[in-house]
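Biologist: I would like to learn how to read a model like this one, step by step. Could we look at it together?

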Amino acid sequence: MLMKRQNNYRERLFKDAAGACIYCGRPVTMETMELDHIVPRCKGGTGQYDNLVCSCPHCNALKGDKDARDFVDSMPPKKQLSYENRLAELFMQGKLTARKWDLLDPISEELHTDRMAVCAPWQIICYLCGEFY
């Protein structure tokens with residue numbers, strides 16, 4: 001049962017990430033992709049879909065037991081921006097659940113305010129995630 005669920009997760013994560021590593025954007029295949037725990041199991045993360053992403057072996061090895069936010073914070077600024085853009089695109093396409101977005105989004109709530117615009121007197125939208133406030 002566990003192996004069947006992991007295979008289903010692999011296929012779904014691969015499709016959701018458009019065959020690329022969530023962190024660096026490198027293309028991966030079903031054979032080379034690795035399931036990465038956003039919050040590592042050693043830090044209380046689960047093996048559930050919302051805590052798993054498609055990763056290349058290189059990023060998964062570099063990330064080690066860091067959570068995704070700490071790993072992204074260790075990237076050079078250009079790579080962080082590329083990562084944020086990739087996340088936003090996947091989120092807008094409906095390929096990231098809200099829970100997964102919350103775990104992966106390295107931007108603090110304070111920084112979200114820099115990306116907001118008033119759409120109407122009663123609506124504010126974040127440019128990055130498209131969420132209405």
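Biologist: Read along the sequence, what pattern does the chain follow?

Modeller: Before the pattern, a word on the source: this is a predicted model, in which local features need pLDDT of at least 70 and side-chain atom pairs count only at pLDDT 80 or more, while totals for chains, interfaces and linings use all residues. Residues are numbered from 1 along each chain as its sequence is written, and side-chain values use heavy atoms, with hydrogens and water left out. Helices (H or I, at least four residues) and strands (E, at least two) are DSSP runs numbered from the N terminus. Here the pattern is α-β-β-α-α-α-α-α-β-β, with 6 helices and 4 strands in the chain.

Biologist: How many cavities of 30 Å³ or more does the structure hold, and which residues line the largest cavity?

Modeller: Rolling a probe the size of a water molecule over the atoms shows where empty space is left. On a 1 Å grid over the protein atoms alone, a cavity is a set of points where a 1.4 Å probe fits but cannot get out, and lining residues have an atom within 4 Å of a point. Grid points are joined across faces, edges and corners, and a volume is the space filled by probe spheres set on the points. The structure holds 1 such cavity of 30 Å³ or more, with a volume of about 60 Å³. Its lining consists of Leu 13, Asp 16, Ala 17, Ile 22, Val 53, Cys 54, Leu 90, Lys 95, Leu 96 and Lys 100, and α1 (2–16) and β2 (52–55) each supply at least two of these residues.

Biologist: Which aromatic pairs link distant parts of the chain?

Modeller: Rings of Phe, Tyr and Trp (its six-membered ring) pair if their centres lie within 6.5 Å, and planes under 30 degrees apart count as stacked, over 60 as edge-to-face and the rest as tilted. By this rule there are 4 aromatic pairs. One of them is the tilted pair of Tyr 9 and Tyr 49, at 6.0 Å centre to centre and 50 degrees between the planes. This pair joins helix α1, which holds Tyr 9, to the loop between β1 (34–37) and β2, which holds Tyr 49, 40 residues apart.

Biologist: Why does Tyr 9 count as buried or exposed?

Modeller: Buried means under 20% relative accessible area, exposed over 50%, and partly exposed in between (1.4 Å probe, protein chains only). Tyr 9 counts as buried because its relative accessibility is 12%, and Tyr 49 counts as buried at 7%. Another pair is that of Tyr 23 and Tyr 83, whose ring centres are 6.1 Å apart with planes at 15 degrees, so the pair is stacked. Tyr 23 lies in the loop between α1 and β1, and Tyr 83 in helix α4 (residues 77–92), 60 residues apart.

Notes
1 Å grid on protein atoms, 1.4 Å probe; cavity = no way out; pocket = protein on both sides within 12 Å on 5 of 7 lines; lining within 4 Å.
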